[in-house]
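Hello,

Here is the structure I promised to hand over. Please open it first; my notes follow below.

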Amino acid sequence: MTRPDTLPAPKPADLGNYAARIEALARQLGLEFAPVEFELVPDSFMAEIAIYGLPVRMRHWSFGVRYIHQLVHQKMGNSHMFEVMFPGDPCHAYMAEHNSVAENTLVTAHVLGHADFASRNALFLRFGAMAGQRILEQSAARAQRLEMALQRHGQEQVEAVLDAALALEQHVDVHAELHRPPYGAPSEPAGVAGQQDRTSVDDPFAQRYRRLPGEAAALAAHDAARARLAQRPLVPPQPEYDLLWFIAQHGPELADWERDIFLAVREESFYFYPVYACQIMNEGWASYWHARLLREANFLPPALYLSAIKSHSDVVRPYATEHQLALAVNPYHLGFCMWEHIIEREGLARARQICRDDDDCSFIRNYLDGELADRLGLFVHESRRDGETRLASRDLRAIREAILAPKYNYGAPCIAVTLLNDDGSLVLRHDHQRDGRGLDLERAEQVLAYIARVWRRPVTLHTSDFRGTPRILRSKTDGVPEPPAPTTPPTPH
């Protein structure tokens with residue numbers, strides 16, 4: 001009998017055949033997905049997609065900084081990209097040319113799992129309907145508009161707008177609609193409000209109340225304030241957390257091309273939000289299905305199957321390296337184990353309901369139980385100032401919250417516009433109690449400077465430092481500080 005490791009290695013030409021048969025098997029097993037267009041691309045192109053988040057996107061210096069960070073991680077062996085997948089109709093999947101046939105066979109099955117998830121999950125469906133199902137074409141069109149702005153207005157002016165927009169790219173209101181109307185009239189019709197005011201005036205108790213000592217002046221001031229408010233409604237009428245939308249709508253001197261940049265960044269943020277909010281679920285679902293599809297694909301040569309399963313083990317392992325505990329959760333590992341646990345206990349039909357209805361927050365809170373947490377060896381750790389890292393807790397609630405803490409509010413601090421003054425100055429407020437943390441004040445000042453450059457009026461931010469001490473930051477007029485360190489955008493899947 002021939003040993004599997006001595007069988008001839010599959011050839012790249014075989015990949016198309018394997019992919020077609022895996023897709024047919026996936027549909028037999030009940031996976032549902034839009035057509036998927038696969039493309040083999042060079043390693044350098046894969047790296048660019050990981051940095052920009054899209055194959056073609058608006059140019060900005062921060063992506064170059066991210067590119068250097070990505071290369072460093074790859075050189076250190078901390079990053080290996082097998083694929084990048086963009087949900088839509090059709091879906092687009094890019095596979096690295098350096099992958100072996102076995103790896104790309106696994107990637108094919110993994111991508112089909114992602115496509116099935118995107119076709120079921122309510123969050124993906126809602127945001128896909130708002131942001132469009134052809135993100136690649138849309139981003140290319142935005143990039144072309146930006147190039148036209150660069151030619152007309154110069155790099156310095158365009159970069160100033162992009163600096164502010166990209167610094168705020170996670171500050172969107174994901175509970176609102178992408179295409180939302182401007183602030184309108186009060187929610188209560190004027191006739192109803194006037195009728196209530198008339199009733200309160202005619203009420204005997206209200207008349208006696210008005211005659212109390214000192215109340216006449218207070219009521220007169222109140223009526224004057226209401227009259228001023230009727231002439232100029234308060235903007236915003238309630239705290240506005242969608243900073244990109246507010247600046248695009250109310251920037252006092254923004255040109256149309258500048259508003260277009262803010263709205264373009266906002267639209268891409270809406271597209272990426274489900275990827276961010278469902279990362280553990282999505283990666284786990286895709287990993288579960290690539291493992292199952294490979295296991296049931298009896299047409300795969302034994303040598304290819306063994307090699308693909310080895311790659312699967314590398315992807316879903318819990319540790320950073322051999323014999324080293326991981327201090328960060330691997331979403332592939334955690335999601336894969338949770339879906340296996342759910343399907344084993346509650347069945348595939350129930351798993352598909354969860355896939356439809358949940359995001360990572362509800363998924364972790366409802367389905368990461370004590371038995372699974374113990375089996376996976378999950379714990380909460382704390383780092384001391386002297387560099388020592390200690391186990392802080394094995395409490396299940398603490399574990400769940402430690403996993404979810406970075407995901408609140410799209411990973412950004414809760415900052416809202418609270419007032420647009422008559423002179424055009426802007427007041428922002430950081431809801432640090434809701435946030436549960438203070439701001440990095442140096443970074444906050446840098447972002448505030450970016451906003452002030454495009455707002456062209458004073459901007460004030462009420463916040464607190466890491467100790468919880470209230471602080472007020474005001475935009476500076478004596479130049480712009482060095483840019484903040486870039487954050488890595490979510491990789492679309």
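Where is the place of Asn-409? Asn-409 lies in the loop between α19 (396-404) and β6 (415-420). Please keep in mind that this is a predicted model.

**Backbone: positive phi**

I began with Asn-409 for its backbone. Its phi is positive, about 55°, although Asn-409 is not a glycine. Most residues other than glycine have a negative phi. Tyr-410 also has a positive phi, near 65°, and is likewise a residue other than glycine. Tyr-410 is found in the loop between α19 and β6 too.

Are Asn-409 and Tyr-410 buried or partly exposed? Asn-409 has 27% relative accessibility, so it counts as partly exposed. Tyr-410 has a relative accessible area of 5%, so it is buried. The cut-off for buried is under 20%.

Gly-53 also takes a positive phi, about 85°. Gly-53 sits just after α2. Helix α2 covers residues 43-52, and its buried residues include Met-46, Ala-47, Ile-49, Ala-50 and Ile-51.

**Backbone: cis peptide bonds**

Most peptide bonds are trans. Two places to look at here are cis. One cis bond joins Asp-89 and Pro-90, with omega about 5°. Pro-90 is in the loop between β2 (83-86) and β3 (91-96). Another cis bond joins Val-235 and Pro-236, with omega about -5°. Pro-236 is in the loop between α10 (215-231) and α11 (243-250).

**Strand β8 and its partners**

Which strands pair with β8? One is β7 (residues 426-430); another is β9 (residues 470-474). The β7 pairing is parallel and has 4 bridges. In it, Arg-429 stands opposite His-462 of β8. The β9 pairing is antiparallel and has 5 bridges. There, Ser-464 of β8 stands opposite Pro-470 of β9.

β8 and β9 form a hairpin, with 5 residues between the two strands. Gly-468 is in the turn and has a positive phi of about 90°.

Strand β8 itself spans residues 459-464. Of its 6 residues, 5 are buried, so β8 is largely enclosed by the rest of the structure.

**Helices α15 and α16**

Helix α15 (residues 331-346) packs against helix α16 (residues 348-357). The angle is about 135° and the axes are 7 Å apart. The two helices are therefore oblique to each other. On the α15 side, the contact is made by Trp-339, Ile-342, Ile-343 and Glu-346. On the α16 side, Leu-348, Arg-350, Ala-351, Ile-354 and Cys-355 make the contact. By class, that gives 7 nonpolar, no polar and 2 charged residues.

**The nonpolar core**

Which residues have the most contacts inside the largest nonpolar core? They are Trp-339, Phe-363 and Leu-368. This core has 133 residues. Helix α12 (residues 256-277) gives the largest share of the core, 12 residues. Trp-339 thus belongs to two parts of these notes: the core and the contact of α15 with α16.

What is Leu-368 in contact with, leaving aside its neighbours within four places in sequence? Its contacts are Leu-334, Met-338, Phe-363, Ala-373, Leu-378, Leu-396, Ile-399, Arg-400 and Ile-403. Phe-363 appears there as a contact of Leu-368, and Phe-363 is also among the residues with the most contacts inside the core.

Best wishes

How values were computed: Residues numbered from 1 in each chain as written. Predicted model: local features only at pLDDT ≥ 70, side-chain atom pairs only at ≥ 80, totals over all residues. Heavy atoms only, no water. Buried < 20%, exposed > 50% of the residue type's maximum accessible area, 1.4 Å probe, protein only. Pairing = 2+ DSSP bridges. Axes fitted to C-alpha atoms, helices over the stretch in contact; angles between N-to-C directions. Parallel < 35°, antiparallel > 145°, perpendicular 65-115°, else oblique. Contact = heavy atoms within 4.5 Å. Nonpolar A, V, L, I, M, F, W, Y, C, P; charged D, E, K, R; others polar. Core = buried A, V, L, I, M, F, W, Y, C linked by side-chain atoms within 4.5 Å.
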